[in-house]
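User: Please take a close look at the inside of this one for me, and then work outward to whatever sits around it. I'd like one connected walk-through rather than a list.

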Amino acid sequence: MLSGVNGNSLHSSVLGADRSLSKSIEKIASGKKINKASDDPAGSAMLSAMEAQSRGLVQMMANQQSQASVLQTASDSLSTTSSMLQSINNLSLQASNGTLTKSDRAMIQNQISQLMTQINMSSNQTQFNGQNLLDGTFNTTLPDGAAFSIPSMSADALGLSGISVETQGQAMNASALAQSAIGAVSSLQGSLGSALNGINSSISSLSSQYMNAISAGSQIGDVDMAQAIMDMTTAQIQSKASLSVFKMNDDTRSRVLDLLAD
């Protein structure tokens, strides 16, 4: 007959095997080898730090993507402004033709005035999330820490205020002013392009950091499925073996009691 101590040991063995089996099943079901802090306190702390880092990187990428969208919106609007300035320049060159009549020049002047109005509308109404971009009020800080601002792109700010093509000389001057404005817009578009490249480069770097953090977290927290299945199988065998011995112990006690009763 097995002693009470051995019986308690067998009971503990059964419970231990069941706990191991339960943990193995939990890991396989969740795909995680750390489902609670008690599974691996040090690993759990490292995993929490990695998850916090990953969330921070995601937010930083979202912020910078938003910033890139702002600058891209401004750049797209500037392309329209540049196209209208090209039209003003072409009209001014057309008006510089000495054979035009006063009526011809008046018609051209009217077209130029309409284009100027559209340029001002673009300057005043180009927005992103309610923030004006081309009226001279926009400024931001780029990922490299540099301050970046967009000057006003109104007709007045571009030096086109009061241009006239009423005479051949005025038309030639209007063309020179339009070309200068085109140069200013092109320069700003170049600055926007450089800023966008910097932001995209920063996003790419953050993306690499994020993937590294995810990979590190996976190594710490993700379960090795083959090992987990092996552990589960081992725990099942141990549980069955312990139950069999425990049953044998009960059967032995029963037979002894039967003999004593006889």
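Analyst: Burial first: here a residue is buried under 20% relative accessible area, exposed over 50%, and partly exposed in between, using a 1.4 Å probe and protein chains only. What you're looking at is a predicted model, where local features need pLDDT of at least 70 and side-chain atom pairs count only at pLDDT 80 or more, while totals for chains, interfaces and linings use all residues. Residues are numbered from 1 along each chain as its sequence is written, and side-chain values use heavy atoms, leaving out hydrogens and water.

On confidence, pLDDT is the predictor's confidence in each residue, from 0 to 100. The chain averages 80, with 66% of its residues at 70 or more. Be wary of residues 1–5, where pLDDT is below 50 and the model has five contacts beyond near neighbours in sequence. Residues 256–260 are below 50 too, with one such contact. A contact, by the way, is heavy atoms within 4.5 Å.

Now the layout. The chain has five helices and four strands, running α-α-α-β-β-β-β-α-α along the sequence. Those are DSSP runs numbered from the N terminus, helices being H or I with at least four residues and strands being E with at least two. Of the 262 residues, 32% count as buried. Take contacts between residues at least 6 apart in sequence: 75% of them join residues at least 24 apart.

So, to the inside. A nonpolar core means buried Ala, Val, Leu, Ile, Met, Phe, Trp, Tyr and Cys residues joined through side-chain atoms within 4.5 Å. The largest one here has 39 residues, and Leu71, Leu85, Ile88 and Leu160 have the most contacts inside it. Helices α2 (41–95), α3 (102–125) and α4 (168–221) each put in at least two residues, and α4 gives the largest share, twelve. As background, nonpolar side chains tend to be buried together in soluble globular proteins. Leu160 is a good place to stand and look around: beyond neighbours within four places in sequence, it is in contact with Leu85, Ile88, Met116, Ile119, Ala155, Leu177, Ala178 and Ala181.

Met116 and Ile119 bring us to α3. Its buried residues are Arg105, Ile108, Gln109, Ile112, Leu115, Met116, Ile119, Ser122 and Ser123. For the spacing of such a list, remember that an α-helix has 3.6 residues a turn, so residues three or four places apart point the same way. How far should the 24 residues of α3 span at 1.5 Å a residue? The expected span is 1.5 Å times one less than the number of residues; for α3 that gives 34 Å, and the end C-alpha atoms are 34 Å apart, so the two agree.

Arg105 is worth following outward. Ser96, in the loop between α2 and α3, touches Arg105 along with Gln168, Ala171 and Met172, not counting residues up to four places away in sequence. At 16% relative accessibility, Ser96 counts as buried. Glu166 comes at Arg105 from another loop, between β4 (147–149) and α4. With the same neighbours left out, Glu166 touches Arg105 and Gln109. Buried or exposed, then, for glutamate 166? Exposed, because its relative accessibility is 57%. The C-alpha atoms of Glu166 and Ser96 are 9.3 Å apart, although 70 residues separate them along the chain.

Further along α4 is Ser202. This serine is buried, at 18% relative accessible area, and touches Gln64 and Pro143, again beyond four places in sequence.

Last, the strands. Asn139 is in β3 (residues 139–141) and is exposed at 52%. Away from its near neighbours in sequence, Asn139 is in contact with Phe148 and Ser149; the C-alpha atoms of Asn139 and Ser149 are separated by 4.0 Å, with the two residues ten apart along the chain. The Asn139 side chain also reaches the backbone oxygen of Thr137 at 3.5 Å.

One backbone oddity to finish on. Most residues other than glycine have a negative phi. Asn129 has a positive one, near 55°. This asparagine is in the loop between β1 (127–128) and β2 (131–132), and it is exposed, with a relative accessible area of 77%.

Terms used: A polar contact is a pair of N or O atoms within 3.5 Å; within protein, one must be able to donate a hydrogen and the other to accept it, and residues adjacent in sequence count only if both atoms are side-chain atoms.
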